[in-house]
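Work through these exercises with the structure open beside you. Try each task before you read its solution.

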Amino acid sequence: MKKLIIFAVTIFAVNFTYRQAKDTDSRYIPLADSIVSIAMNKMEGYKILGELSKAGPRLSGSENLQKAEKFISEYMKGCGFDTVYMQEVKAPWWERGDQEICILKSDGKTDKNLSIAALGGSIAADLTADVIELSSFDDLEQKKDQVAGKIVFFNVPFNQKNLYTFASYGEPVGYRVSGPSRAAKYGAVAVLIRSVTSLYDNVPHTGTLRYADSVKQIPGAALGVQDAIYLSEKLKAGKPLQITLKMNCVNRGEATVHNIIGEIRGKSKPDEIIVVGGHFDSWDKGDGSHDDGGGCVQSVEVLKLIKQVIGRPERTIRCVLFANEENGLKGAIEYAGLAEKNNEYHYAAIESDRGVFAPLGFNIDADSATIARINEWLPVLRRSRIEWVEKGGSGADISRIKGARALIGYVPDSQRYFDVHHSDNDVYSAVNAREMELGSASMAILTMLLSEVGLD
Ligand SMILES: [Zn+2]
């Protein structure tokens, strides 16, 4: 008898969950289709990104950033949200300067001018030295007695075997971030890295370096991939080579930048906040359309699409354009700190910071019941070509938010992201309008489900 009751209860529960899922599907699939149709027909986000990109790249402290902040906050004010406001953030201020010279010399004569970009945060350089090529930090440890007085060249290629390119980013990026301090420990005078990119062009890719406190600071720069290969071949030929490195980049201290926030207050649960955001700053190469201007504009579009399709949502939906992700994460830290101080409750947060390519899935940091719940929404999410929902890896800017039921990273296709990332290739013309709008729609559909259906 007991077994029979358990069996009957289980059947009821399964049936109930099944019916609930079916109800969600029949109610929200037409709304998801409306979101996709509006995004694709109007292409508003794509057009706004075009306007935003005219301000140029948006590094913390730059005049471009000030112009871009003004543009986007005025645009958001015109969108009819309940409120638009800014939070002041203190951020590191680094400037590239106009001199980036890297001359390869053989027998004292110029062999080739190599294409470089200073790594973000690097000190200036004015030196000539011999070069030693290393393949890894293990290689550095083995040859530590040979690096004093030399330029260390970390030649670590992007592993093209990984299906998802973010898996390939992790290894070589370590040489960019900590290569200079690791090499300086053994007396190196500068570090060159092979650009962290999946492309075989000669455009250098910048990105942040981090100096260790206890070690002398030395300059760091990234070589274009073609020139990295060229240098490696020359070194293998065994001729003594020198490099002259001149860069006039400078650390200027601290700049005042802003988190830019817009929100639509929830109808029945205004105190349950769903954040959708990206980072508004960018490196000073290209115009930062993929990283992460596109993600920011998509986040603004989410609020617009929700407003148009469902009117006032049940929960509060807040778009946050975080300041200074690239060289400090100070915007994310400030935002989460203020939220905690003001006792705000974040129900969920979605971040878009993997380029604006065609939708694939969502990465979710949450307990397994919550992930299973979001998985049940796949029939609705598939209307914008989201294919999967998986555990882990949400995003840097939302990672500081405490107590949320789910932290979610929007995952578009990553095949071309590291072609453009942190380089002059990251420009508006490298953005596909349809892919971008499908991404906005994907984030809007998930936001709608989080707000209107909820995670219970
Ligand atoms: Zn980014």
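**Exercise 1. Contacts of I445**

Task: Find which residues I445 is in contact with, leaving aside its neighbours within four places in sequence.

Solution. This is a predicted model.
- Step 1. Begin at I445 and skip the neighbours within four places in sequence.
- Step 2. Collect what remains: I445 is in contact with A32, I35, V380, L381, R383 and S384.
- Step 3. Now place I445 in its wider setting. The largest nonpolar core has 123 residues, and I445 is listed with A188 and A221 as having the most contacts inside it.
- Step 4. Helix α12 (residues 433–452) supplies the largest share of this core, 10 residues.
- Step 5. Check the domains. At least three residues of the core come from each of domain 1 and domain 2.

**Exercise 2. Two domains**

Task: State how the chain is divided and describe the contact between the parts.

Solution.
- Step 1. Domain 1 covers 27–94 + 253–452, and domain 2 covers 100–248.
- Step 2. Their C-alpha centres lie 34 Å apart.
- Step 3. Domain 1 puts 15 residues into the contact, and domain 2 puts in 17 residues.
- Step 4. On the side of domain 1 that touches domain 2, α11 gives the most, with 3 residues.

**Exercise 3. The sheet that holds β1**

Task: Write down the strand order of the open sheet that contains β1, then explain why β1 and β15 stand at the edges.

Solution.
- Step 1. The sheet has 8 strands in the order β1-β10-β12-β11-β13-β16-β14-β15, and the pairing is mixed.
- Step 2. β1 (83–95) and β15 (388–391) each have a single partner strand, so one side of each has no neighbour in the sheet.
- Step 3. On average, neighbouring strands here are turned by 20 degrees against each other, direction ignored.
- Step 4. Look at one pair. β11 (residues 269–279) and β13 (residues 345–351) run parallel and are joined by 6 bridges. One residue to find is V276, whose bridge partner in β13 is I350.
- Step 5. Add the helix. α8 (residues 330–341) packs on the sheet and touches β1, β10, β11, β12 and β13. The direction of α8 makes about 140 degrees with that of β1.

**Exercise 4. The sheet that holds β7**

Task: Do likewise for the open sheet that contains β7.

Solution.
- Step 1. The order of the 8 strands is β3-β2-β9-β5-β6-β7-β8-β4, with mixed pairing.
- Step 2. β3 (109–113) and β4 (116–118) are the edge strands, each pairing on one side only.
- Step 3. Neighbouring strands of this sheet are turned by 35 degrees against each other on average, direction ignored.
- Step 4. β7 (residues 190–194) pairs with β8 (residues 220–223) in the parallel sense, over 4 bridges. R194 has L223 as its bridge partner in β8.
- Step 5. Helix α5 (residues 166–184) packs on the sheet, where it touches β6, β7 and β8. The direction of α5 makes about 150 degrees with that of β7.

**Exercise 5. The buried side of α2**

Task: Which residues of helix α2 are buried, and what covers them?

Solution.
- Step 1. In α2 (residues 44–53), the buried residues are G45, Y46, L49, L52 and S53.
- Step 2. These residues cover an arc of only 120 degrees around the axis, so they are on the same side of α2.
- Step 3. The cover over them includes α3 (63–77), α7 (289–310) and α12.

**Exercise 6. V300 in α7**

Task: Is V300 buried or exposed?

Solution.
- Step 1. V300 lies in helix α7.
- Step 2. Count the other C-beta atoms within 10 Å of V300: there are 27. The cut-off for buried is 20 or more, so V300 is buried.
- Step 3. List its contacts. Not counting residues up to four places away in sequence, V300 touches M76, C79, G262 and C319.
- Step 4. Compare sequence with space. V300 and L321 are 21 residues apart in sequence and 8.7 Å apart in space, C-alpha to C-alpha.

**Exercise 7. Backbone angles**

Task: Describe the backbone at R385, at H422 and between D291 and D292.

Solution.
- Step 1. R385 is not a glycine, although its phi is positive, about 75 degrees. R385 sits in the loop between α10 (378–381) and β15. With 18 other C-beta atoms within 10 Å, R385 is partly exposed.
- Step 2. H422 also has a positive phi, near 60 degrees. H422 is in the loop between α11 (417–420) and α12. H422 counts as buried, with 29 C-beta neighbours inside 10 Å.
- Step 3. The peptide bond from D291 to D292 is cis, with omega near 5 degrees. D292 lies in helix α7.

Conventions: Residues numbered from 1 in each chain as written. Predicted model: local features only at pLDDT ≥ 70, side-chain atom pairs only at ≥ 80, totals over all residues. Pairing = 2+ DSSP bridges. Helix = DSSP H or I, 4+ residues; strand = E, 2+ residues; numbered from the N terminus. Axes fitted to C-alpha atoms, helices over the stretch in contact; angles between N-to-C directions. Contact = placed C-beta atoms within 7 Å. Core = buried A, V, L, I, M, F, W, Y, C linked by C-beta atoms within 7 Å. Buried ≥ 20, exposed ≤ 12 C-beta atoms within 10 Å, placed from the backbone. Domains from an automatic or database assignment. Arc of directions from axis to C-beta.
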